[in-house]
Amino acid sequence: MTTKLRAWFDERIPLQDLKEFLAKKHVPLHRGSVWYYFGGVSLFLFIVQVITGILLLLYYKGSEQLAWESIQFIMSKVQFGWLVRSIHTWAANLFVLAVFIHMFSVFFERAYRRPRELTWLTGMVLLFLALGFGFSGYLLPWNELAFFATKVGTDIAGVLPVIGKPLMVFLRGGEEVTGATLSRFFGFHVAVFPGLFTVILSIHLILVQRQGMSEPLGHDTRPNRRVMPFFPNFLLRDLLLWLIVLNILAILAVLFPSELGKKADAFAPAPEGIRPEWYFLFMFQTLKYFPAQVLFMDGEVLGILLFGIAGLLWMLVPFWDRKSSRGEANRWVNYVGLFVVIYILVFTVLGWLP
Amino acid sequence: MIRKKKSQVFNAEGVSLTLGSDATATDGGKRDFLKIVLGGGLVAWIATLMYPLFSYLNPPRQTEVEVSSVKVGPLNDIPRDSGMIVRFGNKPVLLVRTADDQLRAFSAVCTHLDCTVQYKSDLGMIWCACHNGRYDLNGRNVSGPPPRPLEVYRVVMQGDDVHITAAA
């Protein structure tokens, strides 16, 4: 029966090619092989987000009057609603974490070097989209914290020279953060970003498949080096790790379920302890230290411009690190990477402390 | 084969004089004309698509009722050494009754990043929780990141009632 079925499909779509491709696909083994898993973990968490996101959509109502109430309904009335929402929140956090680990491992292993510049660039776009997912999703419960975090976040966009003001009005759907902002963010979160993400993720994955796994500089490239077949050896390990991540998610969601907080009120003062999601904390904390005026500029404008430039340089690393592309060691990349990791860690902790 | 190539070269260069043929001159003219019409048409077509799209993305201006004054309520309802947020049209205004019994009103929108400020009685200051910005009781930015003082509103007493009006 299965043979017949396979023959039927094979006649229409040549599956033999795929089989041969899978049989030939190998994962190189070396001291950094463990980092290969984080791309897969990110992918798994994205799938979790799509599924739990669709489940939340069944009850969520994206309007100023109903958003907070609908989440309260999900948390208190819908069976296992608290679980679905908590998994969605936790998976979002772990997703960003996994993406960051994936990015830094690629950075330190110089896996962005020629010919994988496009894989790196698409990966960076996926990271920005992941942050966009986080920022837009944060507002959807329409609680006090989210309301003020969004006010601050969109106002930061607004201080950019020239494009800032129109960009802020576009994001907010007006001059202020209102129900119009919620509608827009809801649209970005459930339609625009998932669509873009899926397309760019496909390109990213196709590039990885076409080019094979990157191997560290100076690593043995002889054909008889140590490798592991992708199918089934590596895939099974991947799946086992996914199962472990799913269990971690379940434990976190059960022990630390998401909170809802107080409903947003435009006529209440900003509450104490307001802070963005942890992955924006290092930028938030840096802005706190900038004085009101630096030379002729507002401190925050300078801060944002500096972050913009740093982000751009980071994104363009395959193009300024020519040495790694030539196969030579480049210690500067390590220094830059270490500086960025330490900076993010220190400022995140500082922002986290009360 | 060679002849064909030759004629192509002529055509491509549009050297009508060498050939002395009117037909080729018209050909070149026709081609330029078509380029302009098609190219221009394409640009116009893209513009026709983009104009409504970008106009749609830009949110319409809501007509707001101009508010020049709001009544807060009787003075006795406002404790000393406290602050409250008052709706001024669609803007929040902070009304402060100071410890030495003065009434002051300011825009409650922090000049730093748009958060809503509050009166902190323990500091005797106006404070923004988002980035620890501080203003004195004249609305001047005294510490933290705020770049400008808070906008001042006037407080007017009418009998026992407190009113806030926009500063002229």
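How many residues of chain A are in contact with chain B, and how many of chain B with chain A? In this predicted model, 25 residues of chain A touch 21 residues of chain B. On the chain A side, three helices each supply at least two residues: α7, α8 and α12. The biggest giver is α7(A), with five residues. Sorted by type, the chain A residues that touch chain B come out as 15 nonpolar, four polar and six charged.

Here are those three helices of chain A:

| Helix | Residues |
|---|---|
| α7(A) | 144–158 |
| α8(A) | 164–172 |
| α12(A) | 299–315 |

Staying in chain A, have a look at how α4 (residues 67–76) packs on α5 (residues 81–108): the angle is about 115° and the axes are 5 Å apart. Angles of 65 to 115 degrees count as roughly perpendicular, so that's what α4(A) and α5(A) are to each other. From α4(A), the contact uses A:Ile71, A:Ile74 and A:Met75, while α5(A) brings A:Gly81, A:Trp82 and A:Arg85. That makes four nonpolar residues, one polar and one charged.

Over in chain B, there's an open sheet of six strands, paired antiparallel in the order β1-β10-β9-β4-β3-β2. At the edges sit β1 (69–74) and β2 (82–88) of chain B, each pairing on one side only. On average, neighbouring strands of this sheet are turned by 30° against each other, direction ignored. Zooming in on one pair, β9 (residues 152–158) and β10 (residues 161–166) of chain B run antiparallel and are joined by six bridges. For example, B:Arg154 has B:Thr165 in β10(B) as its bridge partner.

Technical notes. Residues numbered from 1 in each chain as written. Chains lettered and ligands numbered in written order. Predicted model: local features only at pLDDT ≥ 70, side-chain atom pairs only at ≥ 80, totals over all residues. Pairing = 2+ DSSP bridges. Helix = DSSP H or I, 4+ residues; strand = E, 2+ residues; numbered from the N terminus. Axes fitted to C-alpha atoms, helices over the stretch in contact; angles between N-to-C directions. Contact = placed C-beta atoms within 7 Å. Nonpolar A, V, L, I, M, F, W, Y, C, P; charged D, E, K, R; others polar. Parallel < 35°, antiparallel > 145°, perpendicular 65-115°, else oblique.
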